[in-house]
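Subject: Structure for your review

Dear colleague,

Please find below the structure that I am handing over to you. My notes on what was found in it follow directly after.

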Amino acid sequence: MNRVLSAGEVADLLPEPTEADHKYTRGTVTLVTGSSTYPGAGVLSVGGALGAGAGFVRFAGSERAADLVLSRFPEVVLAPGGADALVIGCGWDESLRDPARQALAEHAGPVVLDAGALLDRGLRAEVGTPAVLTPHPGEARRLWEQVGGGGPLPTDLTEAARALSGATGSTVVLKSARTLVATPDRVWEYRARTAWPGVAGAGDVLAGVIGSVLARHWQAQTTANLGDVVAAAVWLHGEAGAHAAGLTSAGAPTHPIRASDIIRGLAPAWQSLPRG
Ligand SMILES: NC(=O)C1=CN([C@@H]2O[C@H](COP(=O)(O)OP(=O)(O)OC[C@H]3O[C@@H](n4cnc5c(N)ncnc54)[C@H](OP(=O)(O)O)[C@@H]3O)[C@@H](O)[C@H]2O)[C@@H](O)CC1
Ligand SMILES: Nc1ncnc2c1ncn2[C@@H]1O[C@H](COP(=O)(O)OP(=O)(O)O)[C@@H](O)[C@H]1O
């Protein structure tokens, strides 16, 4: 039976900052995303990281993407420095491999590998645990072939996510209308309340959101289960998409969205969490 987080459980996993918090205690994230081929993915992943509560966001993608990121989000820092969590891969091309390796060499915390980065064997091998891989179904099939899964990837999404997690030893986020988060021994599920978030760039936003939530937990050294933390991030992103599409209550009429709208939906999704 897949675990489905309640809004109350998500609220506990996404705590509000306290008076004692400051930008560094709230989690720092570095994103190696947005190649010159796909600069927009850099902007979208950074937007996800900022909108999910990180206190400090660094960007180490291509120069072209960096210009776009700064013009949209001047709060982002380009100077190198440490981070609690790394997000690598959204809008990947080969030019991001060197900055990714450099960031990994100095890093001990959680790493999110998305898009082309999760299919790069060398890079995967350089990531210590905990690693989070975020394939869509096409990437999941290619990853399964790479890790020598034997036979086709199971068609059942739960089995597929579990198999990929077992074969890679990583937490796997298998994305679709139903998103499965799998660790080798457990599976979480988030079922989207509307299909509008299935648009280009939505997964880039998600990678940033996961990195942001992981950074906060790593920095605070919480004892929360990694799968629970990632599942909470998936919930926040999914509910942000629902808010963006106008689905504020069950049955409300909805409308098309673009991935940038999901970033804007993160605030009302966060605000909808039951507190106290
Ligand atoms: N604004 C930007 O900069 C943006 C940049 N982006 C960046 O673009 C890069 C390429 O990413 P990508 O996902 O577009 O292409 P790719 O990895 O080749 O896989 C596509 C193939 O997989 C399959 N497939 C099956 N099921 C699927 C499913 N549910 N969802 C999706 N695919 C599914 C299907 O193949 P089929 O099943 O038809 O054989 C399909 O042809 C990546 O770095 C990304 O970050 C994007 O994020 C967009 C916004
Ligand atoms: N039918 C759908 N309903 C709701 N969400 C969807 C649907 N299809 C895909 N998504 C979501 O959209 C995102 C797509 O991610 P991905 O395929 O990596 O796109 P991109 O690389 O363009 O960002 C994932 O978060 C996935 O859960």
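UniProt positions are given here in the numbering used for this model, feature names are shortened, and annotations may be inferred rather than shown by experiment. Please also bear in mind that the model is predicted.

The domain

An unreviewed UniProt entry places the feature "domain: YjeF C-terminal" at residues 6-273. Over residues 6-273, helix accounts for 46% of the chain and strand for 14%. The C-alpha atoms at the two ends of this stretch are 10 Å apart.

Ligand 1

The shell around ligand 1 holds 16 residues, of which A41, G91, H136, R141 and D204 come nearest. Three polar contacts may be described individually. A polar backbone atom of G91 is 2.8 Å from an oxygen atom of ligand 1. From the side chain of H136, a polar atom likewise lies 2.8 Å from an oxygen atom of ligand 1. For R141, the distance between a polar side-chain atom and an oxygen atom of the ligand is 2.7 Å. Ligand 1 exposes 900 Å² when taken alone, and the protein buries 50% of that area.

By class, the residues around ligand 1 comprise 7 nonpolar, 5 polar and 4 charged. Helices α2 and α7 (137-146) each supply at least two residues of this shell, and α7 gives the most, with 5 residues.

The UniProt record, again an unreviewed entry, places a "binding site" feature at A41, G91, H136 and D204. Of these residues, H136 and D204 are included in the lining of the largest pocket. A41 has its place in helix α2, which covers residues 39-51. A41, G91, H136 and D204 are also among the residues that come nearest to ligand 1.

Ligand 2

Ligand 2 sits in the largest pocket. It has 17 residues around it, and those that come nearest are K175, S176, G201, G203 and D204. D204 is thus listed among the nearest residues for ligand 1 and for ligand 2.

Here, too, the polar contacts involve oxygen atoms of the ligand. An N or O atom in the side chain of K175 is 2.6 Å from an oxygen atom of ligand 2. Polar backbone atoms also take part: the distance to an oxygen atom of ligand 2 is 2.8 Å for G203 and 3.4 Å for A202. Taken alone, ligand 2 exposes 570 Å², of which the protein buries 76%.

Helix α9 (residues 202-220) gives the most to the shell around ligand 2, contributing 4 residues. That shell is made up of 7 nonpolar, 8 polar and 2 charged residues.

A further "binding site" feature is placed by UniProt (unreviewed entry) at K175, S176, A177, R178, T179 and G203. These positions span 29 residues in sequence, yet no two of their C-alpha atoms are more than 13.2 Å apart, so they gather at one spot. The lining of the largest pocket includes K175, S176, A177, T179 and G203 from this group. A177 is located in the loop between β6 (171-174) and β7 (178-183). K175, S176 and G203 also appear among the residues that come nearest to ligand 2.

With kind regards

Key
Residues are numbered from 1 along each chain as its sequence is written. Chains are lettered from A and ligands numbered from 1 in the order in which they are written. This is a predicted model: local features need pLDDT of at least 70, side-chain atom pairs count only at pLDDT 80 or more; totals for chains, interfaces and linings use all residues. Side-chain values use heavy atoms; hydrogens and water are left out. A residue is near a molecule or strand if one of its heavy atoms lies within 4 Å of it. A polar contact is a pair of N or O atoms within 3.5 Å; within protein, one must be able to donate a hydrogen and the other to accept it, and residues adjacent in sequence count only if both atoms are side-chain atoms. Accessible areas come from the Shrake-Rupley method with a 1.4 Å probe; for residues, only the protein chains shown count as cover. On a 1 Å grid over the protein atoms alone, a cavity is a set of points where a 1.4 Å probe fits but cannot get out, and a pocket is an open set with protein on both sides within 12 Å along at least five of seven lines; lining residues have an atom within 4 Å of a point. A molecule sits in a cavity or pocket if more than half of its atoms lie within 2 Å of its grid points. Ala, Val, Leu, Ile, Met, Phe, Trp, Tyr, Cys and Pro count as nonpolar, Asp, Glu, Lys and Arg as charged, and the others, Gly among them, as polar.
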